[in-house]
Structures are given as structure tokens and as C-alpha cells.
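Please open the model in a viewer and follow the selections below in order. Each stop names what to select and then describes what is found there.

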Amino acid sequence: MAETVDTKQAAPMTPIAQLGELVGANTRWISMILVFVVLAVIFNVATGGIFLSPRNLTLLMRQGAIISIVAMGVSLLIIKGEIDLSIGSAVYLCGTAAATLQLHYAWPVLPTVAVTLSVGLLLGAWQGLWVVALRVPSFVVTLGGLLAFRGLGYFLTDAATLAPMSQPYTALSEGFVPVDFSMIILGLVFVAGAAILVLGRHSRSDAGGGVFGLLARIVLLGLACVALAWIFAGYRGIPNAVLWVAGCGLALWFLMSRTVFGRNAYLIGSNREAARLAGVDVKLHMLGGFLIMGAFYAVAATLATARLSASTPALGQYLELDAIAAAVIGGTSLRGGIGSVGGAILGAALLVTIDNGMSLLNISSFVQMIIKGMILLVALAADVLVNRSRSAGGH
Amino acid sequence: MASDSALRIENLTKEFGGVPAVSDASLSIAAGESVALLGENGAGKSTLMKVVAGIYPSGTYKGRMFLGGEELQCRNVRDAESKGIVLVPQELHIAPNLTIAENAAMGVLPHRFGIVDRAGLYRHAKACLDFFGMQADPGKPASALSASEQRLLMISAALSRAEPRVLILDEPTASLTEGEARHMYERIRRVSKSGVATILITHRLDEIQGVCDRAIVLRNGEVVLQTDNVTNRDNELVRAMIGREPETAKNRAVSAGGKIALSVSGLKVQGAGESTKPYVNGANLDVRFGEIVGLFGLVGAGRTELAKAVFGAWGGDVAGEVSINGVAGRPRNPKEALARGLAMLTEDRKRSGIIEGQSVLFNMSAASIERVSSWGLIKRRQEYDRDYGLARRLDLRPLKLSKHIETYSGGNQQKVMLAKWLATEPDVLIADEPTYGVDVGARYEIYQVLRQLADAGKAILLISSDLEEIINETDRVLVMYKGRVTGEFERGTARHVLMAAATGQSGGESVPEAERAAELQ
């Protein structure tokens, strides 16, 4: 016990850590944003200014929407100490449901989305029940899902491509909020964000920053809004896909950071036994986690089918791997208990940036896979190194 | 003295991030001598010994060390072990699913051409078990041993690893009962007499008499006192450890207690679907509002199992009646127990108490987040204020709620755990070994809070293997033996009477002669 006291001495802070302290973000976020900026500059120079054009950035956001959605969902499960390997297949199965309704029954958009959502929730409940009631490890349950869901989809559709989807349905992902409305939305986002920062400053009474930190945070928020305004005004407004990500992200962020459900998710992931003894209903929370993941299958499936205007047999393939990679790059610990929604979105953004930049540079997709794999390894190794030096002299 | 010293440390300083954990410490220990290294948590005892044992390799500290006259520089733990320095850490790492034999030989599996020599493995394990006179099948999984038996096994396994010249034991008795501790010290004494310099890190003064020849006290990383004997110097040692006059136990009135708060009758606790002997077999007890009831017994008497069953946290089979606050019915899970006003400070802090990787705030609110939320939304300001108040009341040091819990010392972690249960505003609190691995200062604060709770009319069941604690801090003592509550004693009952009851010598139950002899060993 005594040694723990010895290790608590604060090491001299690095510049990045100081910056983080000031704006109230953690070191990992700052590093990720720095990597993002460096990559953007490199890609921009290499592509002769194409990468940082409003058009490409808008495209990039649309590409990133699907990964962001599932990365958020899986990060919730990883925080709880579980995993989901079935994402790609589950998204595909939801997608076939949507496509079937659109093509064979010509259903309107809203009922289609509602049924897709139900299918997603059903898949989430199915896997959640195996984990909670029968105590099968989620790794195994979702590995089963990975095989069975795609198999079921192929069986029901004869592995056919179902296309095309209706015009209003495609607009769910591919449409745009008109530019003037987009600007109003961004303005509102800035005002609401600044208000939350000002009003919420007291609840951070334990963390540093002060008035200067608050100002820095508001300025950062303003800069981000201006950058977004430049992108959206420069092309065709906010892509609808981005609205889905923002909506799901805000909802999940609120759930994870402001509610009892979210708080308990972190406790369960860090020490399940202690959480149980503290009166947390672990089973109920676990089932809730899988249901939320299920809803996110459906959202991702809707975006994917709308984007392709089809459900193809390859839909969602390897999506689970991208999702887990994004969550992990975004700071979610595979040992549970650590991670955030914002981190998962940033992680997804990094992955998509690398994809997009390399595609612009005509790098072969085979090489892209190699590079993505290496990035995942380097990100994790860097994480281990940082954590080790932080707890140096410890256990 | 200096010439024939087995281990000599000169002007050793070890810093972490510029802050010294040990500063300018010098000491020497002769072969065959047994020395107590005393100090509060954070005094630098463990750090100093980790330097000696090569956990912090040479070059990471300032100062010099000599082993039998030769300068000692270790590159790592293996290096130190090969030179005869054996450190038995406080936290033992046991693989519960591996066999006893495999655990005993961890890291030094006997093998021939890469194939494990099973006969040698079992011979080695048998020797390790015999060293402390334990009866167990080396082929059984290590989880079959009790916590204290596991500790004894790891000590003998560590000793068997190399020809020891310096033996360092870090809080070896933390999970042992008095009888087991005495038994262990007898063996250690024998090892030490054979020419091994023994260093015992502890903060239990009662147990060093008759075991150690000398005492060295560390405070804030400095050697503040070295004595040449340990008899009747408790006050002097405590003063050196905490740097001020120790608080004397006040002669307070015994609280008679009011209405019955917790009542247990005919409780039977068994492993799930097991036909083996139950852990608790027909236990009865009452705890009244306003009193602290001590529950004393040896490890394995069934105290923790009883507490878990009452709290609804036992995984196996339970039968019997429990009534909380006048309402009958056994809680089915901890959630229900908490809702009915029962809280339980768990015994195994690291495993089932603290939630590592999370902040003090999250840990403190873990059991009571609903109380500062409405419709599932956390009222963060209210949560922070409440937790900050609790942390202040318990004198958490440092007082910072955003820090991760694992960065705190054992004593402060335990304060957070106590705060976690206080936040649920319980009527009845079961505290299972609340001062295990907790330093003197924090112990005193924990006792104070427990007493305040009782004075405020709450009922407290204090489970402990520490006789001092049982005698000084409770109003009434219950003794458990072999799954039953076999005796009830007034406050002020002599130690030997309690000990006799805990070993089955009284309490109205006849115990076969041979079994009694085995218990007394």
C-alpha cells in the first residue's frame, strides 16, 4: 500500500499536458488533433490543395459518418468491458431489411427507418440476452453474430444486391441542409456551446483553468464553428449524414457523462464485482448497452444503404474492425472503464482522413490496409508508453 | 557492528519526479538479526526495501548499499534474488486456477529439456507446505487454500527460491489471525536464527515483541529512530512514527444499544450446489441501534461469508432468517440490501472495493448516485458538494476528488470506501476488516467515524481479526467459530478469553480433542 503514495508526485508537465489543462481536454485529445492537423497539411500539400477543399472535407465527413456511429456504439460496450465483433454483419442484416421494404414493398422513408431500428434493437437484445442471461462471453456471442447475421441476410436475399432505394431515402445520408440554414445552425451551436461552458464552469471546481481557461475554451469553440462554416458554405451546406452523427454523438455523450446509466457503465467496466456490491444492477446495464448498440446498427445501416442507394452483399464488411480500431485510437481502453464518445468520433475521423488522403494520392487499397494496420499498432504502443512513463516508479 | 553487518545502507535517497520518497537513509542489519521497519503508510518503508530488492535498479537512486561487506548493485529483482535478497511483497500474486504446486514453483518450474518435472514440482510444493505445517494436496487449485494459507505458501515458496541472506517481509500478517501470525513468526524466527538478516515491514506494534530484536522507524522518508530492543517502547515508537503524541484510548461508556437493527437467525451459507461443509452453519446474532458489535474469529470461521450472505452478495446457497430494521426477509442482492438501509464495507479492498482507473468522486458516489440524481440525471453540483463534505469529514489526503483512487495510500483508499457507504446513509453498517492494510493515523480516523455513527444511533457490525481493535472499539463482542456464533462477551473481556472462544475452547460446544489441538497449533 505504501508504495502508491510514493508514485503520486506530479511529474513535470509537458507542453501538451499544459495546453490540455488549460482548455480542459486530455492529453490524448490534443495529440490526436495535432496528428490530424499534421496529416491534413501533408495531404493538402501532396494533393496540391485538393484535400483541404470544402468539397473534399464534406465528402470526408460523409464517409466518416458510418464508422463514427458504430465506433461510438462499440466504445460504450468496450467501456463496459464487453466487445462487439458482429457490427458489420448486423449492419448488413439491418440494411437488407431496409432495402427489402424500400424495393419490394415501396414503403415510405419513416416506416422503413422505424422497422430498421426495430431490427437493430432485436439483434442487440438477442446478443445482450445471451451475454446477460446465459453468461456467454460477448466475444463469443458476437463472433456467432458475425457469422450468423450475414448468413441470415444472404439466405433471405440470395446474397443479391438490392437497388435502387427511393430518392427521399437516399437523401437521409446524401442530402444537404441548405447553406443559410446551415449557418444558422452553426450560430446556434456556438451560442449554446458557449452558454454551457459559462454556466457549467462551477461544476468543474476541482479542475484548473479559471477565467483564462474558460475564455480559451470559448475561443476554441468559435474557431471550430468558423472552420465548419467555411467548409459548409464553400460546398452545399451541412451533409445530412453529419446531422445523424451529431445527434447520436450528443445523445450518447450526454448519456455517458451526465446520467446514472453512463456513470455505472464506467464503474462496471473498471471493476464489475465492486459495482455489483455497490448495488449496481449489472445485468440490466449490460442489456441496455447491447440495445443501444443495436440502435446504432440500424442508424449505420440506414446511412450505408442511403449512401449506396443499395444493399450489397459486401455491405458493412470489416466494419467492426474499423469501429474497434477507431474506438481504441480514440482512447477507449480494451480493458474497460476508460473511453469517451468524443474520442471515438475523433478516432473515426483520423481513420477516415487517412483513407481519404491516401485515396486522393492514388495509393493502392492494399497498401492502405497495411498502413491502417500499422497506425493502429503505433497508436496503441504510444498509449502503452505514455501510460508507463506516467506510472513510472509504480508497481 | 558495521563490520559483520549482512546489509548496510548508506545515505540512500530515492526520488520520484523530484520529490524524495526516501531521503538520506542509513542503517545496517547483522546476519541472524531480525529488525522491524516501522512507519506510517507513505513513510518510505516499501520504497526503501524495493531499492534493496532490486525493484528499483542501481542508478535510479543515490547512496550506496553493501551486502556482507561487498557493494551491492542490482540490475533487477532476479539479480537481487541470486545474491540472496528475498522480498515477499504485501500484495501476493496467486494464480487461483493453477495448482498449489505450480503456484509454489512460479518462475522456477523444475524441468528437464523443457518438460516440467512433475515429481520434482510436487516434492517442492510438499516441502513448501510442510514448512508451515499445512495439510493440503499440491495438485488442488490454489483457490482451495484460504487467503492466509496462500500467504504462508508464497512466503515459503519465496524462501525456497534461493539461499536467503536477507529476507524482507512486507506486512506479512495483514491477512492472518493472531494464532496464524504467531505460528508464522516462530518459523521466521528459526530462519532468521540460521543466519539470515530479516527485515519486517509492519505497522502493527503488538506483534513485533518477541519477534524482532530492534526497530527502525521511518517518517517522511527519513530514519527518525533506531532502538536496540523493542520491549515496552510502544509509546516511543508510535510517537516516532506519527511525529506527535499518540491519542490515548478514552474510557468511554459502553453503549447499551436500542431497538434491534439487524437480526440474523439460523443462517446457513454454502457454496453453490456444493455438498461440502457449509461456511456458516446456523449462525444467530443481533445488532442494536447505537452500538458497535465486534465479530471476532479466525480466518475461515465464516465471518465474511456471513456478512456477504446478509448483504445479498453471496453467490452460493443461503438459508435462514435475516431481518433489517424490523423488516424480515433476506436481501436477494446488494441493491435490495442498500435500499433497506444496510451497507457493507467489503474486506478485500483491492478486488471488490476500490474501482481502479476511476476518480475519487466516482468511487465515492458508486453506491449512492441515485441519491444525487433525478430521472437518471446526475446533479453534478450536488454530487460534488456532498462528496467533498464527506472527504473533508474523513480527512482525505490529498483532498482532491478528481484524482484517480489508485494514486492514494491504503489508508486514504479505505477512507474513500467508508465515505462511499456513508453516502448511502445506512441504518446498519457491516465493516469487514475496515483497517486491513491501513496506517495508524487513518485507523484512528476510521474508528472515530464508526463511533460517531453509533452515537448518531446507527448499528455497526465490526468484523475483525485484530484483537486490539475488537477490544478497544466495540461495545460487545461476538465470537465465531466454525460457522457459528459461539460466544458473546461484554466489553473489556480479556484477550485470552476471546482467543479461547475463537479457537473453540469455550462457548458451550464440545470440540473433539484432536481437532482442538490442530486449531491451537
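Begin with N76 of chain B, which counts as partly exposed because it has 13 C-beta neighbours inside 10 Å; a residue is called buried only from 20 such neighbours and exposed at 12 or fewer. The model is a predicted one. N76(B) sits in the loop that links β5 (70-71) to α2 (77-82) of chain B. Add G54(B) and P57(B) to the selection: N76(B) touches both, when residues up to four places away in sequence are not counted. V51(B) may be added as well, since its C-alpha atom is separated from that of N76(B) by 9.7 Å, with the two positions 25 residues apart along the chain.

Next, select N232(B). Is this residue buried or exposed? N232(B) is exposed, as 8 other C-beta atoms lie within 10 Å. Its place is the loop between β12 (222-227) and α7 of chain B. A distance drawn from N232(B) to P20(B) spans 32 Å from C-alpha to C-alpha, for a separation of 212 residues in sequence.

**The domains of chain B**

Colour chain B by domain: domain 1 covers 5-242, domain 2 is made up of 260-341 + 427-520, and domain 3 covers 354-425. The centres of domain 1 of chain B and domain 2 of chain B, taken over C-alpha atoms, are 32 Å apart. Where these two domains touch, 17 residues come from domain 1 of chain B and 13 residues from domain 2 of chain B. Which elements should be selected on the domain 1 side of chain B that touches domain 2? Those that give two or more residues are α5 (147-161), α6 (178-193) and α7 (234-242) of chain B. By type, the residues on that side of domain 1 of chain B comprise 6 nonpolar, 6 polar and 5 charged.

**The six-stranded sheet of chain B**

Now display the strands of the open sheet of 6 strands in chain B, whose order is β18-β21-β22-β15-β23-β24 and whose pairing is mixed. At its edges are β18 (342-345) and β24 (484-490) of chain B, each paired on one side only. From one strand to the next, the twist averages 20°.

Within this sheet, select β15 (residues 292-296) and β22 (residues 459-464) of chain B, which pair in the parallel sense over 5 bridges. F296(B) has S464(B) as its bridge partner in β22(B). Two helices can then be added. Helix α14 (residues 440-455) of chain B lies across β15, β21 (428-432) and β22 of chain B, at about 150° to β22(B). Helix α16 (residues 495-502) of chain B lies across β15, β23 (476-481) and β24 of chain B, and runs at about 30° to β23(B).

**The four-stranded sheet of chain B**

Move to the open sheet of 4 strands in chain B, with the order β14-β13-β16-β17 and antiparallel pairing. The edge strands here are β14 (280-288) and β17 (327-328) of chain B, each pairing on one side only. Strand β16 (residues 317-324) of chain B is joined to β17(B) by 2 bridges, and the two run antiparallel. To find this pairing, select S323(B) and its bridge partner in β17(B), A328(B). Helix α8 (residues 303-311) of chain B packs on the sheet and touches β13 (260-270), β14 and β16 of chain B, its direction making about 110° with that of β13(B).

**Chain A and the nonpolar cores**

Turn to chain A, whose secondary structure comes to 17 helices and 2 strands. Of its 395 residues, 44% count as buried. Among contacts in chain A with a separation of 6 or more, 79% are between residues 24 or more positions apart.

In soluble globular proteins, nonpolar side chains tend to be buried together. Select I69(A), V70(A), V91(A), Y297(A) and A300(A): of the 182 residues in the largest nonpolar core, these touch the most other members. Helix α4 (residues 54-79) of chain A gives the most to this core, with 15 residues. Domain 2 (260-341 + 427-520) and domain 3 (354-425) of chain B both give residues to this core, so the core lies between them.

Centre the view on I69(A). Leaving aside neighbours within four places in sequence, I69(A) is in contact with W244(A), V245(A), C248(A), F296(A), V299(A), A300(A) and L303(A). For the last stop, select L38(B), M49(B), A215(B) and M241(B), which are among the 73 residues of another core, lying apart from the largest one.

How values were computed
Residues are numbered from 1 along each chain as its sequence is written. Chains are lettered from A and ligands numbered from 1 in the order in which they are written. This is a predicted model: local features need pLDDT of at least 70, side-chain atom pairs count only at pLDDT 80 or more; totals for chains, interfaces and linings use all residues. Two residues are in contact if their C-beta atoms, placed from the backbone, lie within 7 Å. Domain bounds come from an automatic or database domain assignment. Ala, Val, Leu, Ile, Met, Phe, Trp, Tyr, Cys and Pro count as nonpolar, Asp, Glu, Lys and Arg as charged, and the others, Gly among them, as polar. A nonpolar core is a set of buried Ala, Val, Leu, Ile, Met, Phe, Trp, Tyr and Cys residues joined through C-beta atoms within 7 Å. Two strands pair if DSSP finds at least two bridges between them. Axes are lines fitted to C-alpha atoms, for helices over the stretch in contact, and angles run from 0 to 180 degrees between N-to-C directions.
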